Amino acid sequence: MGKLAVAAITSLWVIPMSIIVNHIVPEPYMDEIFHVPQAQQYCNGNFRSWDPMITTPPGLYYLSLAHVASLFPGMLLMKNTTQSFPEACSTSVLRSTNAVFAVLCGVLVYEIIRFLGPNLSDRKATFMALVMSLYPLHWFFTFLYYTDVASLTAVLAMYLTCLNRRYMLSALFGTLAVFIRQTNVVWMLFVACSGVIDFTLDSSRQKGKQEVNQELHQSSDREGTTLRSNLRKRKSDISSDTSDRFNHGQTVSSTKDTSGLLYDVYAVISTSWNMKWRILIKFSPFIFVVVAFGIFILWNGGIVLGAKEAHVVSLHFAQIMYFSLVSALFTAPLHFSVNQLRNQFQKLHRNWPLSLLLTVVALVAGFVSVQFFSLAHPYLLADNRHYPFYLWRRIINAHWLMKYMLVPVYVYSWFSILTLLAKARRKIWVLVYFLATCGVLVPTPLIEFRYYTIPFYLFMLHSCVRSSGLATWLLIGTIFVSINVFTMVMFLFRPFKWSHEDGVQRFIW
């Protein structure tokens with residue numbers, strides 16, 4: 001019932017908004033001027049044609065072909081014409097590909113929420129999935145022909161199937177995700193590591209429970225009462241610890257945080273070594289895809305397909321700072337509530353020597369990042385149609401001190417994100433998430449909020465399932481809706497013109 005409700009309610013805003021956008025902006029806009037003609041070339045059967053300005057693989061175009069093929073018979077019946085297949089690949093029809101993926105994405109979010117929070121009511125899980133479907137970057141690009149919505153859908157499908165331990169299917173979805181956007185290979189590695197962590201640690205716990213059962217079985221009748229009592233207590237402790245395999249983040253102090261991380265790393269490495277052949281067999285599909293992608297990079301001379309001079313891999317460490325602040329602002333009720341501020345300061349005070357050291361290291365890293373690894377891409381400086389243009393000019397560069405003044409906010413935002421994640425997942429999982437986020441964002445020279453979508457969703461799915469009530473979700477949903485109304489009104493009804501270029505310009509993320 002829940003997934004059907006999510007699909008139906010999501011469709012209630014996807015369909016009318018798609019009609020409105022296609023009516024007011026019928027022609028391809030911004031990056032669509034590359035994607036739409038390329039997809040239409042594929043509709044004409046010209047699979048060898050390729051626009052050198054396109055940076056991503058053709059996965060979305062092949063998915064659009066399948067989508068148009070599914071609609072084509074119905075289009076013929078409704079129009080009662082002999083319209084050809086290539087003519088059916090209009091801008092509006094191609095955009096509707098993402099409308100379908102937006103509905104599927106909402107269902108996948110619901111399924112992941114139910115998996116991670118099995119005790120949640122169906123109504124609350126449905127409401128959470130609907131709120132997350134309104135995430136502004138995801139919601140906005142649902143109505144345009146970009147790769148973001150299909151990319152997120154493929155990554156979430158890969159993650160859900162890995163959680164269900166269907167590793168072959170997960171690797172297939174991962175291949176699709178990489179075929180849509182090549183940076184998704186990092187998220188494929190993340191999903192594989194997450195699967196190895198769950199597989200090895202669960203195997204260790206199962207082994208411990210079997211040892212306890214064996215001791216119980218072999219205990220003598222004379223000493224049975226005392227021994228069984230103790231062993232049953234051990235068994236009950238193990239069961240209580242593993243009753244929820246994702247609730248491993250409850251800690252008391254920073255020292256325990258560190259020791260927990262070190263123990264998890266040791267447990268995963270040692271267990272993986274003991275089970276190396278089983279792990280290699282189970283996760284071999286992921287290994288095959290990653291190796292094939294490495295060969296592609298060597299053959300292609302880089303990760304980007306086209307416009308390589310504008311997308312040079314760079315060390316842009318400030319990018320992860322921007323991600324933390326943008327994500328925290330989108331979910332401000334989670335990060336800047338009185339309770340969260342109190343929890344952060346209590347954690348800092350509880351074991352202040354280590355916490356102070358970590359804070360100082362994070363602050364120093366932040367200052368170094370904004371001073372030496374903050375890039376101003378030519379597209380960022382020249383294109384006033386994007387919101388990051390105004391963020392850069394009017395906030396980050398408003399004064400020479402501003403970029404340094406923001407560093408403590410960046411650091412707090414990251415600490416808050418990692419703390420919330422650590423309440424739901426093991427420390428080693430949080431570390432892998434952080435490294436994967438860095439692996440995706442640091443090499444990208446251009447500040448694009450669209451790149452933040454997948455790490456944001458993974459954060460929301462894990463941190464909010466347990467740690468937030470209905471009121472928090474209502475506030476987050478209100479923030480999302482307000483931003484969506486503003487950005488769509490600006491896009492549709494506040495066009496402007498450039499003196500040096502013909503055509504109408506519109507504000508976009």
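## Helix 2 and its buried side

In this predicted model, helix 2 offers a good place to practise a simple check. With 12 residues at 1.5 Å a residue, helix 2 should span 16 Å, and its end C-alpha atoms are indeed 16 Å apart, so the two values agree.

Which residues of helix 2 are buried? They are Glu-32, His-35, Val-36, Gln-38, Ala-39, Tyr-42 and Cys-43. These residues cover an arc of only 165° around the axis, which puts them on the same side of helix 2. Just after the helix comes Gly-45, and its phi is positive, near 85°.

## A disulfide that starts in helix 2

A disulfide is a covalent bond between the sulfur atoms of two cysteines. How many disulfides does a search of the whole structure find? The search finds 1. The bond joins Cys-43 to Cys-89, with 1.9 Å from S to S. Cys-43 lies in helix 2 (residues 32-43), while Cys-89 lies in the loop between helix 4 (85-88) and helix 5 (91-116), so the pair ties together parts that are 46 residues apart in sequence.

Try turning the model to look along this link: the angle about the S-S bond is -90°, and the link of Cys-43 and Cys-89 is left-handed. Are these cysteines buried or exposed? Both Cys-43 and Cys-89 are buried. By contrast, Cys-162 is in no disulfide, and the nearest cysteine sulfur, that of Cys-193, is 9.9 Å away. Cys-162 has 4% relative accessibility, and because buried means under 20%, Cys-162 counts as buried. Cys-105 is buried too, with a relative accessible area of 1%.

## Helix 8 and a network of charges

Side chains of opposite charge can pair when their charged atoms come close. In this structure the count comes to 10 salt bridges. One of them is formed by Asp-148 and Arg-450, whose closest N and O atoms are 2.8 Å apart. Asp-148 lies in helix 8 and Arg-450 in the loop between helix 23 (427-441) and helix 24 (453-467), so this pair ties together parts that are 302 residues apart in sequence. Both partners, Asp-148 and Arg-450, are buried.

Arg-450 also forms a salt bridge with Glu-448, and here the closest N and O atoms are 3.5 Å apart. Glu-448 is buried, as is Arg-450. Which residues belong to the network of salt bridges that links them? The network is made of Asp-31, Asp-148, Arg-181, Glu-448 and Arg-450.

Helix 8 (residues 148-163) also holds Ala-150. With a relative accessible area of 1%, Ala-150 is buried. The C-alpha atoms of Ala-150 and Ala-99 are separated by 9.5 Å, although their positions lie 51 residues apart along the chain, counted as the distance in sequence.

## Another pair across the chain

Arg-425 and Asp-198 meet through their side chains in a salt bridge, at 3.0 Å from N to O. Arg-425 lies in the loop between helix 22 (407-422) and helix 23, and Asp-198 lies in helix 10 (residues 184-218), so the pair ties together parts that are 227 residues apart in sequence. Arg-425 is buried, and Asp-198 is buried as well.

## Helix 15, largely enclosed

Helix 15 (residues 318-330) has 13 residues. From its first C-alpha to its last, helix 15 reaches 19 Å, close to the 18 Å expected at 1.5 Å a residue. Why is helix 15 described as largely enclosed by the rest of the structure? Because 12 of its 13 residues are buried. Among them are Met-321, Tyr-322, Phe-323, Leu-325 and Phe-330, and also Gln-319, Ser-324 and Ser-327.

## Helix 18 and a nonpolar patch

Now look at the surface. A nonpolar patch of about 610 Å² is made there by Trp-352, Leu-356, Val-360, Val-364, Val-368 and Phe-372. Leu-356 is found in helix 18 (residues 352-372). Its relative accessibility is 45%, so Leu-356 counts as partly exposed.

Ala-376 is found in the loop between helix 18 and helix 19 (378-382). At 35% relative accessibility, Ala-376 counts as partly exposed. The C-alpha atoms of Ala-376 and Phe-389, which are 13 residues apart along the chain, are separated by 10.0 Å.

How values were computed. Residues are numbered from 1 along each chain as its sequence is written. This is a predicted model: local features need pLDDT of at least 70, side-chain atom pairs count only at pLDDT 80 or more; totals for chains, interfaces and linings use all residues. Side-chain values use heavy atoms; hydrogens and water are left out. Patches are made of residues with over 30% relative accessible area and no salt bridge: like charges are joined within 9 Å, nonpolar side chains (Val, Leu, Ile, Met, Phe, Trp, Tyr) within 5 Å. Accessible areas come from the Shrake-Rupley method with a 1.4 Å probe; for residues, only the protein chains shown count as cover. A salt bridge is a side-chain nitrogen of Lys or Arg within 4 Å of a carboxyl oxygen of Asp or Glu. Helices (H or I, at least four residues) and strands (E, at least two) are DSSP runs, numbered from the N terminus. Buried means under 20% relative accessible area, exposed over 50%, partly exposed in between (1.4 Å probe, protein chains only). The expected span of a helix is 1.5 Å times one less than its number of residues. A disulfide is a pair of cysteine sulfur atoms within 2.5 Å. The arc is that of the directions from the helix axis to the C-beta atoms.
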